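Welcome! Here are some short exercises, each with a worked solution. Have a look at the sequence and the structure, then try each task before reading on.

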Amino acid sequence: TVAAFLNSRHGGTLVIGVSDRNDIVGLEHDYATLRREGKDDADLFQLHLNQLIENSVGLAAAANVTTQIHHVDSHDICRVHVEPSGHPVYAEVAMETKGGLQTKQVFYIRLNNATREIEDEGEIERYVAQRWAET
């Protein structure tokens, strides 16, 4: 979704810790997997999230992403704000295959309220031409 927002004309906002039905579920389970004695859970979560984004889309694109932790209804949630990228962004994603785990470069876009992968190279070229056209 972050890569799709980077590729969109207007960017976007993702909220982590809220279900698709808009229920606040929080980040407690995420915090538990990252917890280290004497360290702030929210800070560790943001550092980990930033590293995941950087590993997936690269440092130049990741620089367009900011995160904030908000406390809502006794839970922490994370707001991920994404500014549009000045260049096309491919995400490196791990894919489960019969041969094991492999990485793949994927081109994502936003189509209304959904994240979609464009697989056809010609479609990617057309999208890039219209999105980053010289003005």
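**Exercise 1. A residue in its place**

Where is the place of Lys98? Find out, too, whether Lys98 counts as buried or exposed.

*Solution.* Before we start, keep in mind that this is a predicted model.
- Step 1: Look between β4 and β5, where a loop holds Lys98.
- Step 2: Take the relative accessibility of Lys98, which is 92%. Exposed means over 50%, so Lys98 counts as exposed.
- Step 3: Now compare positions along the chain and in space. Lys98 and Ile69 are 29 residues apart in sequence, and their C-alpha atoms are 38 Å apart.

**Exercise 2. Following the rings**

How many aromatic pairs does a search of the whole structure find? Work through two of the pairs and name the geometry of each.

*Solution.*
- Step 1: The search of the whole structure gives 4 aromatic pairs.
- Step 2: Begin with Tyr90 and Phe107. Their ring centres are 5.1 Å apart and the planes meet at 55°. Planes under 30 degrees apart count as stacked and those over 60 as edge-to-face, with the rest tilted, so this pair of Tyr90 and Phe107 is tilted.
- Step 3: Place the two partners. Tyr90 belongs to strand β4 (residues 90-97) and Phe107 to strand β5 (residues 100-111); with their positions 17 residues apart, the pair links distant parts of the chain.
- Step 4: Check how open each one is. Tyr90 has a relative accessible area of 32% and is partly exposed, whereas Phe107, at 1%, is buried.
- Step 5: Go on to Phe107 and Tyr127. Here the centres are 5.9 Å apart and the planes lie at 70°, so the pair is edge-to-face. This pair also links distant parts of the chain, joining Phe107 in strand β5 to Tyr127 in helix α5 (residues 121-131), 20 residues apart. Both Phe107 and Tyr127 are buried.
- Step 6: Put the picture together: ring pairs link Tyr90, Phe107, Tyr127 and Trp132 into a cluster.

**Exercise 3. Building the sheet**

In which order do the 3 strands of the open sheet come? Describe how they pair and which helix lies across them.

*Solution.*
- Step 1: Read the order as β1-β3-β2, with antiparallel pairing.
- Step 2: Find the edges. These are β1 (12-16) and β2, each of which pairs on one side only.
- Step 3: Add the twist, which averages 25° from one strand to the next.
- Step 4: Follow one pairing in detail. β2 and strand β3 (residues 75-82) are joined in the antiparallel sense over 8 bridges, and Val65 stands opposite Val82 in β3.
- Step 5: Lay the helix on top of your sketch: α3 lies across β1, β2 and β3 and runs at about 150° to β2.

**Exercise 4. Two residues and their contacts**

Which residues do Gln46 and Val72 touch, leaving out those up to four places away in sequence?

*Solution.*
- Step 1: Start with Gln46 in helix α3 (residues 41-57). Its relative accessibility is 18%, so Gln46 counts as buried.
- Step 2: List the contacts of Gln46: Thr67, Gln68 and Ile69.
- Step 3: Turn to Val72, found in strand β2 (residues 65-72). With a relative accessible area of 28%, Val72 is partly exposed.
- Step 4: The contacts of Val72 are Ile24 and Ile77.
- Step 5: Finish with a distance. Val72 and Ala3 are 69 residues apart along the chain, and 26 Å separates their C-alpha atoms.

Technical notes: Residues numbered from 1 in each chain as written. Predicted model: local features only at pLDDT ≥ 70, side-chain atom pairs only at ≥ 80, totals over all residues. Heavy atoms only, no water. Phe/Tyr/Trp six-rings, centres within 6.5 Å; stacked < 30°, edge-to-face > 60°. Helix = DSSP H or I, 4+ residues; strand = E, 2+ residues; numbered from the N terminus. Buried < 20%, exposed > 50% of the residue type's maximum accessible area, 1.4 Å probe, protein only. Contact = heavy atoms within 4.5 Å. Pairing = 2+ DSSP bridges. Axes fitted to C-alpha atoms, helices over the stretch in contact; angles between N-to-C directions.
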